[in-house]
Amino acid sequence: MKLLTHNMLTSNIIKGVKNGYPLKIAATKVEEREVDYNPEFITRLLPKLDWSAVHKGAVDLNKAEGVPESMMDDYESNEDFLKTAHNILLQVEIIEGNLECPETGRKFPITNGIPNMLLNEDEVSEK
Amino acid sequence: MAAPMKPQSLSCVSWSKYLFYFASEHLDFRLAELEAISQATKSEVRFDEESYDVKNPFLVVESPSIECIHRILSRSVLLRSIHQLLAQGTSTEELHENVRKMPKDLLDPYSKPDQTFAMRVETFNKKIPQKVKIEKIKALPLAELGFKGTVDLKNPDNEFHLFEYYGWDCNNAPDEPYHSYFGRKIGEGQRDRIQEYHLQKRHFIGNTSMDAGLSFIMSNLAQVTQNSLVLDPFVGTGSLLVSAAHYGGYVMGTEIDYLVLHAKGKPSRSKQKVRAIDESIHANLKQYGLESHYIDVIVADSSKQNMWRDQSYFDAIITDPPYGIREPAKKIRAATEDYIITDDMKDCHYPQKEQYELTDIFIDLLNFAAKYLQLYGRLVYWFPVIRAQYSESNIPQHPCFKLIANCEQPLSMKVARRLITMEKIHPYKDDTAEARIDIDHFQGSFRQKYFHKEKEIPNKTNPS
């Protein structure tokens, strides 16, 4: 699972949880996989992301070195930043571990790179 | 609409005539695909919609530039080929007359001494012996055009076709064609991709994997282009994502069935006993060199949209929801009071799923798409119908969406599925109304209707 996906997910599906974001990451196996660098895609993506959550995720994974805490204003023309974003968002892969709800601590396991966001019957909220 | 499809011309650019030769499958999808591609690739085309006949695979289309034509060819899976239209006629005499009327210099760039050429005859709905074909070529008044090149039937520089259309009814084909066209081939569509991406050669497939041709059509209707972010909320084995990635999209999917995403279920191939360890959607993309376009797949219940942080992430959502026929449609059941899951149950507990009604699936899908699609993003999904009971009021509506196309693929005399294309034309706001369906097509479950047999009417004339 990539930090890009982590950026999109919340635990607000749990009954009673209001601010299940960002999910904490406890990873036991992380890999870096080469993905073709595509600055246009990254540039399109960045305005849709919550960069502080990207940074938090990077800290959880011990990959925060060189990742700024906030997004660069000139991100579109800042090649170094785009490359950093490309690496942290698309190349870092969480293979095994857990995502954790920041409010309740409920764990969502990541197995073989695929997160499992299913809840048990007594946990689901209506939406 | 960016691409005007009406015949009248307003601009001073000279529009040339082209002959579009369509494949004879998915007829109902042709114009929808063409319109979506021409708009997505900014390729202007126009044709006379009134004279369009769905049974005729030939369509005369005008376009201001050859680049537009090449862009359309680079995407379409329903077009066999496009030809520069040189002459046409509703009788052989008229065709010959129009060939004679062709400007003398029209073919100069294609008939130089160092160029090779081939003349071919293709007839639609009538078989004609090779001898007659050669006679037809010889009868064409081409002498004045002065072909200086030499003939090469295998790899010609230029290929000329005489197409003859003999109507639709193959039992009653007329002696003379209804319409003849003479043209120079410009190029072929993407029909070859259907073989290249065929499910038989796909690493990871399931019972309901979408065939390659229809997957490409869906990505075309969804206008997936370079750098689109695409989601399939009922991803299964990811066949739709493969086509989206082929057109440059970055792809994601969710699936409620853990065993499907982890390829732990029963294999779908008849001779395969167990699933290979490396079967996955990622592996499917890798098979075609598209792994850089793989984002993630998530085991998730797509009825729970709060899983996503509020943001219009996606450029396109394409999906084939489970109809409950070959794959069950499920969501996680909310617990009743007497149902308590203890802590020691949790580790090995599989949550109970309940039937996810088809109507709810579509309502949820539109509500989800209204929120998470970008403005002008497209939602493309299959909608199963009992043909005799279907009406347009069965199609779900949402105030953010405009219906773009509704194409039928018949599956049997009784059942069909419709590919619905919608575009988000209004931004989502907190007070936006929810999706609705005027007449529920699935009351009493689609599955029940699907397997329900019409009572046979006893044949009264039959002596008993």
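This is a short walk through some features of a predicted model, moving from a sheet and its helices in chain B to a helix pair in chain A.

Let's begin with the sheet in chain B. Seven strands make up an open, mixed sheet, and their order is β10-β9-β8-β11-β14-β16-β15. At the edges lie β10 (294-299) and β15 (401-410) of chain B, each of which pairs on one side only. From one strand to the next, the twist averages 15°. Helix α11 (residues 358-372) of chain B packs on this sheet, where it touches β8 (229-232), β11 (314-319), β14, β15 and β16 of chain B. The direction of α11(B) makes about 170° with that of β14(B).

It is worth zooming in on one pair of strands. Strands of a sheet pair through backbone hydrogen bonds, in either a parallel or an antiparallel sense. Here β14 (residues 373-386) and β16 (residues 415-424) of chain B are antiparallel, and nine bridges join them. If you would like a landmark, take Trp382(B), whose bridge partner in β16(B) is Leu419(B).

Next comes helix α1 (residues 30-40) of chain B. Its buried residues are Arg30(B), Ala32(B), Glu33(B), Leu34(B), Ala36(B), Ile37(B) and Ser38(B). Among the elements that cover them are β14 and β15 of chain B, along with β1 (16-22), α2 (66-73) and α6. After α1(B) comes Lys42(B), which has a positive phi near 50°.

Helix α6 (212-221) of chain B also leads us to a loop, the one between α5 (191-196) and α6, where Ile205(B) is found. Is Ile205(B) buried or exposed? Its relative accessible area is 14%, and a residue under 20% counts as buried, so Ile205(B) is buried. Leaving aside neighbours within four places in sequence, Ile205(B) is in contact with Leu199(B), Thr237(B), Ser268(B), Arg269(B) and Arg275(B). Ala263(B) is 58 residues away from Ile205(B) along the chain, yet their C-alpha atoms are separated by 9.3 Å.

Finally, let's turn to chain A. Two packed helices are described by the angle between their axes and the distance between those axes. For α3 (residues 51-60) and α4 (residues 79-91) of chain A, the angle is about 60° and the axes are 11 Å apart. The two helices are therefore oblique to each other, and α3(A) passes α4(A) in a left-handed crossing. On the α3(A) side, Trp51(A), Val54(A) and Ala58(A) meet Phe81(A), Ala85(A), Ile88(A) and Leu89(A) of α4(A). By class, this contact has seven nonpolar residues, with no polar and no charged ones.

Notes:
Residues are numbered from 1 along each chain as its sequence is written. Chains are lettered from A and ligands numbered from 1 in the order in which they are written. This is a predicted model: local features need pLDDT of at least 70, side-chain atom pairs count only at pLDDT 80 or more; totals for chains, interfaces and linings use all residues. Side-chain values use heavy atoms; hydrogens and water are left out. Two strands pair if DSSP finds at least two bridges between them. Helices (H or I, at least four residues) and strands (E, at least two) are DSSP runs, numbered from the N terminus. Axes are lines fitted to C-alpha atoms, for helices over the stretch in contact, and angles run from 0 to 180 degrees between N-to-C directions. Contact means heavy atoms within 4.5 Å. Buried means under 20% relative accessible area, exposed over 50%, partly exposed in between (1.4 Å probe, protein chains only). Angles under 35 degrees count as roughly parallel, over 145 as roughly antiparallel, 65 to 115 as roughly perpendicular and the rest as oblique. A crossing is left-handed if the near helix is turned anticlockwise from the far one by less than a right angle, and right-handed if clockwise. Ala, Val, Leu, Ile, Met, Phe, Trp, Tyr, Cys and Pro count as nonpolar, Asp, Glu, Lys and Arg as charged, and the others, Gly among them, as polar.
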